[in-house]
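Reader: I've got a fresh structure open and I'd like to talk it through with you. Could we start with charge pairs and work outward from there?

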Amino acid sequence: MLGALRSAARYGGGGGGRSSLVWVRAFAASGNKIVAPSMTYISGEEMSWYTMKLIREKWVEPFIDTKHWEYYDLSCKSRDNTKDQVLHDAVASGARIGAIFKEPTITPTADQVKELGLSKPWGSPNGAMRRGWNGITISRDTIHIPGVKLGFDKPVFFERHAVGGEYGAGWKSVGKGRVLTTFFPEDVKEKPQIIDGREVQDNETAVVVYDNPLDNVEDLAHIFFGRCLEAGIVPYVVTKKTVFKWQEGFWQKMKKVFDAEYKEKFQAAGLLKNTGGELQHLISDAATMQIIRWTGGGFGMACHNYDGDMLTDEVAQVHRSPGFITSNLIGKSDDGTLIKEFEASHGTVADLYHAHLRGEETSMNPLGMVVALLGAMEHAATLQPAHKDDVFRWTGHVREAVYAAFRDGRGTRDLCGPEGLTTEKFVDSVAADLTQRMQSGECPSVYTPPVTEAVVPSRKLSWEYADKVDEEAMKKFFDKYDVDRSGEITFDEFVDMTLELGIAPLKKEGTVLKEKMVEAKASIEAPA
């Protein structure tokens, strides 16, 4: 059982004074459970919702009193039934509490609108959340399981500017004519400024306008550099400022904060040895190549909204899949307190849910969602520390129990192969281990693997290989470089392949030269 449900009919809604019914769920408390502080819990749908339902029932409820949690159902049906009032309520709750966990949600397609009987195609909730929580950055970091080799050896941090760019763009499809973009100052006494004027000569042209706010870049800089310094990670700032001149301001603000408050600290920690003792800027083209090369990890990148979205997808592929990447929105309340929303970077996993509904076995890896839930609970306990030690004891045991399952071959099939456990058996296995750990009365201890123990699961086990990769084409690609037809790639053949693909690791001087070549090419391509 999920526990007691309490509903509240709130808000005199529009359209004839209809009120919307918003469900707020508080999970039942009993015995000597740990009292969790207030937290906003946003539920989604499909397989991610089903898996988190099992986790709440078997990992959370036996040990945690969640009566202070506020629950909001952001499924398409709930948003439709409440005319999206539930989204506004969830945003208000998150802004008030400051700690939010969110399951993956659906932004319905035209087909899903018909299938679900929705009144309209409700848009992504992310924009409302970023506005309501004064979004600064979306932190996307690699998740690591001690003793299991995924992609990057050490953590990789990303800060993606949470506002501005193409995501908030206005646009129109127009014909031949003229376009004039004009800025009107807030002070009506000041003269308007023409930003751009141009002729459009095609019969059909998409005219796009967007802005890139810079006021909160200093906050982003402090978050990014503080996290990198604490974790011992080398920071980089990524833009395309050689072509997009308007991106210069982002770099300048980041560098100003770094030089004034962090440079000496990073130098003292020995983290700038390979960057000439300075904060290094990377052109986005070069960053794309370095992400593939720097598989040792230990670096962080801060960038604009769109670049961050694209580059973190690449990080996810190097690190096996989006399931091993976090996605945490950080905003700031009016009093300066950080608002943090934690979620997985993957979606609702519709294909597994449909298989589940057909009665078929599934093997859903919930690691990204679990890490997000633990992060949200730990942030809530930091904001409201009355039971902080107890909450951290439980989250620590959960984390270690999940990691142990993957190390011991009790994980899901994407990492453990055909012998891996189903969704339900994985949750049960971790629950049994968690119960023993909690009953021991001991504090959680972090597993430290011997140097030679790391397990490297085959990427062929992942759902992406089975569903997306053309194995026959892969064989032809392999044969292209296996010139002696031995069935193996020799070192010389491997060198030829990496050079042709442009992914050969470079010496320091080679990297600097490559950067200069990229910048020179970008300058040539830049409009006059």
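Author: Sure, and one term before we begin: a salt bridge here is a side-chain nitrogen of Lys or Arg within 4 Å of a carboxyl oxygen of Asp or Glu. Keep in mind that this is a predicted model.

Reader: Which residue does Asp433 meet in a salt bridge?
Author: Asp433 sits in helix H15, and its partner is in the loop between H13 and helix H14 (413–416), so the pair ties together parts that are 23 residues apart in sequence. The N to O distance is 4.0 Å, and the cut-off is within 4 Å. The partner is Arg410.

Reader: Is Asp433 buried or exposed?
Author: The cut-off for buried is under 20% relative accessible area. Asp433 comes in at 14%, whereas its partner Arg410 is partly exposed at 22%. Because its 14% falls under that cut-off, Asp433 counts as buried.

Reader: Which residues are joined with Asp433 into one salt-bridge network?
Author: Salt bridges that share partners do the joining here. Besides Asp433, the network holds Asp408, Arg410 and Arg437.

Reader: How many salt bridges does the structure hold?
Author: Side chains of opposite charge can pair when their charged atoms come close. One of the pairs in this model is Lys58 with Asp428, at 2.7 Å from N to O. The total for the structure is 25.

Reader: How many residues apart are Lys58 and Asp428?
Author: Lys58 belongs to helix H1 and Asp428 to helix H15, so this pair links distant parts of the chain. Both ends are partly exposed, with Lys58 at 32% relative accessibility and Asp428 at 33%. Their separation along the chain is 370 residues.

Reader: What is the relative accessible area of Glu159?
Author: Glu159 forms a salt bridge with Arg227, and the closest N and O atoms are 2.7 Å apart. Glu159 lies in strand S9 (residues 156–161) and Arg227 in helix H6 (residues 217–231), so parts 68 residues apart in sequence are tied together. Glu159 itself is buried, with a relative accessible area of 0%.

Reader: On to the nonpolar side. Which helix gives the most residues to the largest nonpolar core?
Author: That core has 53 residues, and those with the most contacts inside it are Met39, Trp59, Leu373, Trp394 and Val402. Elements that each supply at least two residues include strand S4 (39–43), helix H1 (46–60), helix H13 (388–407) and helix H15 (423–439). The top contributor, with 11 residues, is H12.

Reader: How many residues are in the other core that lies apart from it?
Author: Among the members of this other core are Phe157, Val217, Met254 and Phe258. In soluble globular proteins, nonpolar side chains tend to be buried together. The size of this second set is 23 residues.

Reader: Which residues is Trp59 in contact with, leaving aside its neighbours within four places in sequence?
Author: Trp59 is one of the residues with the most contacts inside the largest core. Its partners include Val370, Trp394, Val398 and Val402. The rest of the list is Leu54, Phe426, Val427, Val430, Ala431 and Leu434.

Reader: What covers the buried residues of H15?
Author: The buried residues of H15 are Thr423, Phe426, Val427, Ser429, Val430, Ala431, Asp433, Leu434 and Met438. H15 has 17 residues and reaches 25 Å from its first C-alpha to its last, close to the expected 24 Å. Its cover includes strand S3 (34–35), H1 and H13.

Reader: Now some backbone oddities. What is the phi of Glu46?
Author: Glu46 is in helix H1 and is buried, with a relative accessible area of 12%. Lys83, in the loop between helix H2 (76–81) and helix H3 (85–97), also has a positive phi, near 55°. For Glu46, a residue other than glycine, phi is near 65°.

Reader: Last one: how many disulfides does the structure hold?
Author: A disulfide is a covalent bond between the sulfur atoms of two cysteines. Cys228 is buried at 0% relative accessible area, whereas Cys443 is exposed at 62%. The disulfide count is 0.

How values were computed:
Residues are numbered from 1 along each chain as its sequence is written. This is a predicted model: local features need pLDDT of at least 70, side-chain atom pairs count only at pLDDT 80 or more; totals for chains, interfaces and linings use all residues. Side-chain values use heavy atoms; hydrogens and water are left out. A disulfide is a pair of cysteine sulfur atoms within 2.5 Å. Buried means under 20% relative accessible area, exposed over 50%, partly exposed in between (1.4 Å probe, protein chains only). A nonpolar core is a set of buried Ala, Val, Leu, Ile, Met, Phe, Trp, Tyr and Cys residues joined through side-chain atoms within 4.5 Å. Helices (H or I, at least four residues) and strands (E, at least two) are DSSP runs, numbered from the N terminus. Contact means heavy atoms within 4.5 Å. The expected span of a helix is 1.5 Å times one less than its number of residues.
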